[in-house]
Amino acid sequence: MAISQDNPAARYFDAINAALAGLDIFLRDDSSPLYRHDVIAQVVAEYIVRLEHSFGAWRNRLGFMESFRISRAESGFPVFQNVLELENDRRTAEQRLTAIPSPEALRAEMADFILRHKAMPTELQRMMAERLYLQEVSTGQVFAPFVLPKTVKVSANPKTMRPYYFVHWGAFDGLANLPLVYMAAVEDSSDKMVDTLVTRDGRLNEKVEIPLPVEGLLNPELAHRFDDFAAKNSAYTLTPATIAGNLDKDFETLHPKQLRRFVLGPFYSAGITENNSTVQQVLEKVRKAENAWLLTWTVQEVYSKNERPGRRGLFSSEKATQEFYINTDDLEAARMGVSSYEKHALVPHEAYQALYAAGEAQKIFGGYKVHILSGGRVISDV
């Protein structure tokens, strides 16, 4: 069942889809100034695809369900209940699909209904929408409440003689209603992993085949514990420094050297969200509704500036611990609990022109790196 373009839900889905598509263009652009590290762009792009699948599923869900709520006054993203429902429906999707006729059969029934009754086959349209929804969620490629960790890169640190993992995972925060992506660089001093992966000259052992990406932490003896840790330590209310410190404390042989958090949002859409009155008033003047939006995100980073050596004794021992650098010279960085951070904004060219013409651009984008979407390309350093 198609949603009328005059429907607020249709306008919202059009806007968020355009924003995610624009962010995907930015992430996949080889010339993008994305954080000086291509792995970050590749990782975040995976989660943007998950969000795109989620919004596609939610749009189809409106064809057979009445309600869909977003956090209008805060994040601009769907409320957590929608994410939970996606996950619950994913688990039963295959079973429910068996009870719904195939798309071909439904289309044939709809054509026959229209010819015989000279009316729209509302119930059949609902069934088609439900089938499309269930097919989308059954792939498992939606943004779940928690997306399990995955190891995507392995190297060796010749100074410490330890293997070095780059791991990422995702979470949709239930209080802030924000999608979060975590990326951690972790050294592993487990005897077995050191012996297996690091040569005597401190290089990665090329004789060991590692079929990247690997589901979970590369160390199989710690993988389940790491999954549990990530699930319990992904709340937006926890600072990156707190999460990195907990990881350092909870695992004797894991040594977090860097933790990044990608916070997507808030999202602003004309006539839908209410999270910034100034932005809303200007966006409502944008001629094309599909260009009346603004997407922001923040990248937070904390890194270890030093490792205090551990000690082993006959009666007690202490593990090596990290000293994380917090930039106390920057009040915002200190508040976030990070070494550094970057705030970004993506806006269509027409919306940016409207904000600029209204004299609001400098106030709204102060402290942000602005990226303008124009003609299928993203222009940065505005």
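Arg-260 sits in strand E5, and in this predicted model its relative accessibility of 9% places Arg-260 among the buried residues. A charged side chain in such a place invites a look at its surroundings. Which side chain does that of Arg-260 meet in a polar contact? The partner is the side chain of Gln-258, at 3.2 Å. If you set aside neighbours within four places in sequence, Arg-260 is in contact with Ile-40, Phe-166, Val-181, Tyr-182, Met-183, Gln-300 and Glu-301.

Strand E5 itself runs over residues 254-269, and you will meet it again several times on this walk. Further along that strand comes Pro-266, and the peptide bond that leads into Pro-266 from Gly-265 is cis, with omega near 5 degrees. A second cis bond joins Leu-212 to Pro-213, here with omega near 0 degrees. Pro-213 belongs to the loop that links helix H6 (191-197) with strand E4 (214-215). These bonds are worth a glance because most peptide bonds are trans, just as most residues other than glycine have a negative phi.

That second habit of backbones has its exceptions here too. Met-161 has a phi near 60 degrees, a positive value in a residue other than glycine. You will find Met-161 in the loop between strand E1 (146-157) and strand E2 (162-173). Asn-177 also has a positive phi, of about 55 degrees, without being a glycine, and its loop connects E2 to strand E3 (178-188). Are these two residues buried or exposed? Met-161 is partly exposed, at a relative accessible area of 30%, whereas Asn-177, at 8%, is buried.

Let us turn to strand E5 once more, this time for an enclosed space. The model has one cavity of 30 Å³ or more, and about 40 Å³ of space lies in the largest cavity. Its lining consists of Val-44, Tyr-47, Ile-48, Leu-51, Phe-143, Pro-179, Val-181, Phe-262 and Leu-264. Which element gives the largest share of that lining? Helix H2 does, with four residues. Helix H2 (38-61), E3 and E5 each provide at least two of the lining residues. In character the lining is made of nine nonpolar residues, with no polar and no charged ones. Val-181, one of the lining residues, is also among the contacts of Arg-260.

Helix H7 (residues 223-232) is a good place to see how a helix can have two faces. Its buried residues are Ala-223, Phe-226, Asp-227, Phe-229 and Ala-230. Why do they end up on the same side of H7? They cover an arc of only 165 degrees around the axis, so they share one side of the helix. The general background is that an α-helix has 3.6 residues a turn, so residues three or four places apart point the same way. On the face turned away from the buried side, H7 carries the exposed residues His-224 and Lys-232. The buried residues of H7 pack against E1, E2, helix H8 (240-250) and E5.

Helix H8 is the natural next stop. Its buried residues are Pro-240, Ala-241, Ile-243, Ala-244, Asn-246, Leu-247 and Asp-248. They pack against E3, H7, E5, strand E6 (293-308), E9 and helix H10 (331-336).

Asp-248 of that group leads us to Lys-319, which lies in the loop between strand E8 (317-318) and strand E9 (321-325). Leaving out residues up to four places away in sequence, Lys-319 touches Asp-248, Phe-251, Glu-252, Leu-254, His-255 and Gly-310. Which backbone oxygen does the side chain of Lys-319 reach at 2.3 Å? That oxygen belongs to Asp-248. The backbone oxygen of Phe-251 lies 2.6 Å from a polar atom of the Lys-319 side chain. Lys-319 and Thr-253 are 66 residues apart along the chain, yet their C-alpha atoms are separated by 7.8 Å.

Finally, step back to the whole protein. It contains 12 helices and 12 strands, and its C-alpha trace spans about 85 × 55 × 35 Å along the principal axes. Of its 382 residues, 50% are buried. Among contacts with a separation of 6 or more, 68% join residues 24 or more positions apart.

Methods:
Residues are numbered from 1 along each chain as its sequence is written. This is a predicted model: local features need pLDDT of at least 70, side-chain atom pairs count only at pLDDT 80 or more; totals for chains, interfaces and linings use all residues. Side-chain values use heavy atoms; hydrogens and water are left out. Buried means under 20% relative accessible area, exposed over 50%, partly exposed in between (1.4 Å probe, protein chains only). The arc is that of the directions from the helix axis to the C-beta atoms. Contact means heavy atoms within 4.5 Å. On a 1 Å grid over the protein atoms alone, a cavity is a set of points where a 1.4 Å probe fits but cannot get out, and a pocket is an open set with protein on both sides within 12 Å along at least five of seven lines; lining residues have an atom within 4 Å of a point. Grid points are joined across faces, edges and corners, and a volume is the space filled by probe spheres set on the points. Ala, Val, Leu, Ile, Met, Phe, Trp, Tyr, Cys and Pro count as nonpolar, Asp, Glu, Lys and Arg as charged, and the others, Gly among them, as polar. A polar contact is a pair of N or O atoms within 3.5 Å; within protein, one must be able to donate a hydrogen and the other to accept it, and residues adjacent in sequence count only if both atoms are side-chain atoms.
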